[in-house]
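Okay, thanks for coming, everyone. Let me put the structure up and we'll walk through a few spots in it.

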2 protein chains.
Amino acid sequence: MASTSPIFIAVIGAGGVGKCFLSQLRDLAVRRPSPKLSLCYIATSRKALYDNDYSSIDLETAVDALAKSSKTPPSLPDLVTYLTKAPGKAIIVDNTSSQDVADAYPTALKAGISVVTPNKKAFSGSYKLWQDIFQASAASGAKVYHESSVGAGLPVISTLKDLVETGDEITKIEGVFSGTMSFLFNSFAPTSGSGGKWSDEVKKAKELGYTEPDPRDDLNGLDVARKLTILARLAGLPVESPTSFPVESLIPKELESCSSGDEFLEKLPSFDKQMDEKKVSAGSKVLRFVGSIDVATKNVKVGLETFEPSHPIAALKGSDNIISFYTKRYGSNALIVQGAGAGGDVTAMGVTADLIKVINQIA
Amino acid sequence: MASTSPIFIAVIGAGGVGKCFLSQLRDLAVRRPSPKLSLCYIATSRKALYDNDYSSIDLETAVDALAKSSKTPPSLPDLVTYLTKAPGKAIIVDNTSSQDVADAYPTALKAGISVVTPNKKAFSGSYKLWQDIFQASAASGAKVYHESSVGAGLPVISTLKDLVETGDEITKIEGVFSGTMSFLFNSFAPTSGSGGKWSDEVKKAKELGYTEPDPRDDLNGLDVARKLTILARLAGLPVESPTSFPVESLIPKELESCSSGDEFLEKLPSFDKQMDEKKVSAGSKVLRFVGSIDVATKNVKVGLETFEPSHPIAALKGSDNIISFYTKRYGSNALIVQGAGAGGDVTAMGVTADLIKVINQIA
């Protein structure tokens, strides 16, 4: 039988994903009264809210109370020490994209504190950090779950883990891993019709909030490369870093040095001809920005590819992601997962689902 | 930390799925030496292999040894009693499609024995049995997992549970839930070209092993209705049974009374004109055999629908399943899972993945 000690939850980050997560956690705590889910710590990079007797922070008012707090966050090792002394099991929910927080996971896990996070940095940084994280988890039994690090709430990591853990052999993983890139190419190179100008589509994507504040942070392909790194490692390839395989950047060389995203967008139209030539040379096929992992040849790459209009990758809509798993058991027809791969609510959903899985194991 | 007591596993069923599962279990036991996975019981409906001191049955030779066993299976209550006395936690893996075995789940769960199964009967029979199963699990803490009861190893049940448990609102579930129906309509009404004759496609599907021995067991729609019942209940609708909502049968009334599948196939060509008329009346759209659950209107139905050729349901290949979850968080673009939804290896994979999840929680 499950124990009835409370589970102590420390949340780092209170931005878009963090706020959605807190709202989901509040509802979860109502639906699952046992074990009690006690928010004992919440912090941003500048402020923290907690007290030394681990009393529960009201989930309704946590964000406002944090804004009014005069405490600064303790160091991460001090946070770990604080949590190890809690009168029950503790879980860190890291809703940041901070490398510093990610670097502290091994310390937390070694101390028996589980980690749940959408933070890609922990799993796509150095291979050494990856090894440290999973070795620390194996040694202490503390759990680490990161579904939302690829495809937000879509069942991508869990599906890949199930395939691997049940003994299937992954042959290839291929897909569209960026909502921004999906939106851009579905508009620029649609399966029917000629599509818009590249620079216009980039501007539209920015206006609709589909890009980072500086669109180059999407167009450089690094976000996709990080996700590929995570999946390749889970499939058994010891990929050293997201820069250790070919990644095609869609930022023209001449615009890499622009001092701002605005300057970049202003100068982008003079490169529309280059992108149009690529679109035309695809012929009856369409251009898509994809990532792929060929496990047998250990070939990982990110960049433009062409697909028949009837291919599921070409037929994607809006800003959806699609991830195809080719395995020995599934044969030539892939196991495919598709849907929104970004957004506060669906990213937080992956975090909350992971939290439930951890609670089910440690309670 | 996880305890190191062995986990005692009782397997019922040694047919296609059962044999694939035993092979996966053997590999799993090697990859995960702790906790020890001890097969202490294996049975078909006629034979059983076990002994009173719960010694481990060799996974390499279990099927052969079972064939040579002279023991008949104990009653299911006696099996439960046997397992409750095992020196460690026990899990029943039911790889049958037996209603009798399904009816015993509440007894097993009440006694603290977890259940893992692809058996649809337990979850799509009477609503009373469904309630008894989950109430028994909640009361004792024993787990019940049944991923492969819908879509074999595809992440369908787990995804729906994650959506519901994290507080998303399911608005609609729609898809192709039968590999047989998928194959038949992808050939009979392809997105390009005119497709074959209905009776020829049914014969071809039978020859390729895509249908039950009597194809009417696929064409009556009951298999799809059972899967819809399971998903509807998980989405919160108290569906009474798989016959309590409209299910379109593709067996002509006149052929319901055929004494054999062979007689049925012989007489089927005279009904090709009926099916051709349906195909023609779909116009530029294509016919597909789908199930859908509209949660708001509580409308569950199974039958023929028409789809634009570019719709993901129309574009399906081979005998793949596709399941679309429309939810409040995912908005108008569904979360889609697609791939092979039948076959021994992928069905067993769902069972093995569930077994790992249960072990992670009870060890």
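Let's begin with residues 13-147 of chain A, where the chain is 45% helix and 15% strand. The end C-alpha atoms of that stretch are 17 Å apart. Why pick those residues? UniProt, in an unreviewed entry, annotates residues 13-147 of chain A as "domain: Aspartate/homoserine dehydrogenase NAD-binding". And keep in mind throughout that this is a predicted model.

While we're on UniProt annotations: which residue does the unreviewed entry list for "active site"? For chain A, that's A:Lys227. You'll find A:Lys227 in helix H12, residues 222-234 of chain A. Now, is A:Lys227 buried or exposed? Its relative accessible area is 7%, and the cut-off for buried is under 20%, so A:Lys227 counts as buried.

Okay, aromatics. How many aromatic pairs does a search of the whole structure find? Over all chains, 26. I'll show you two of them.

In the pair A:Phe185 and A:Trp198, the ring centres are 5.1 Å apart and the planes sit at 45°. Stacked means under 30 degrees and edge-to-face means over 60, so at 45° this pair is tilted. The pair links distant parts of the chain, with the two positions 13 residues apart in sequence: A:Phe185 is in helix H9 (residues 179-188) of chain A, and A:Trp198 is in helix H10 (residues 198-207) of chain A. Both A:Phe185 and A:Trp198 are buried.

Switch to chain B for the other one, B:Phe8 with B:Tyr54. Here the ring centres are 6.1 Å apart and the planes are at 70°, which is over 60, so we call this pair edge-to-face. B:Phe8 comes from strand E1 (residues 7-12) of chain B, while B:Tyr54 sits in the loop between strand E3 (48-50) and helix H2 (62-68) of chain B. Those two are 46 residues apart, so to speak a link between distant parts of the chain. Again, B:Phe8 and B:Tyr54 are both buried.

Back in chain A there's also an aromatic cluster, made up of A:Phe8, A:Tyr41, A:Tyr50, A:Tyr54 and A:Tyr82.

Rings also turn up with charges over them. In chain B, the charged end of B:Lys161 sits over the ring of B:Tyr145, 4.5 Å from its centre. Likewise, the charged end of B:Lys279 sits over the ring of B:Phe188, at 4.0 Å from the ring centre.

Now the helices that carry our tilted pair. Two packed helices are described by the angle between their axes and the distance between the axes. For H9(A) and H10(A), the axes come within 10 Å and cross at roughly 140°. That makes H9(A) oblique to H10(A), and the crossing is right-handed.

What about chain B? The axes of H9(B), residues 179-188, and H10(B), residues 198-207, come within 10 Å and cross at roughly 140°. Over 145 would count as roughly antiparallel, so H9(B) and H10(B) are oblique to each other. Their crossing is right-handed.

One last residue: B:Ile323, in strand E10 (residues 320-327) of chain B. With a relative accessible area of 0%, B:Ile323 is buried. And how far is B:Ile323 from B:Glu277? In sequence they are 46 residues apart, and in space 28 Å, C-alpha to C-alpha.

That's my tour, so fire away.

Definitions and conventions:
Residues numbered from 1 in each chain as written. Chains lettered and ligands numbered in written order. Predicted model: local features only at pLDDT ≥ 70, side-chain atom pairs only at ≥ 80, totals over all residues. Heavy atoms only, no water. Phe/Tyr/Trp six-rings, centres within 6.5 Å; stacked < 30°, edge-to-face > 60°. Helix = DSSP H or I, 4+ residues; strand = E, 2+ residues; numbered from the N terminus. Buried < 20%, exposed > 50% of the residue type's maximum accessible area, 1.4 Å probe, protein only. Lys NZ or Arg CZ within 6 Å of the ring centre and 35° of its normal. UniProt positions renumbered as here; feature names shortened; annotations may be inferred. Axes fitted to C-alpha atoms, helices over the stretch in contact; angles between N-to-C directions. Parallel < 35°, antiparallel > 145°, perpendicular 65-115°, else oblique. Left-handed = near helix turned anticlockwise from the far one by under 90°.
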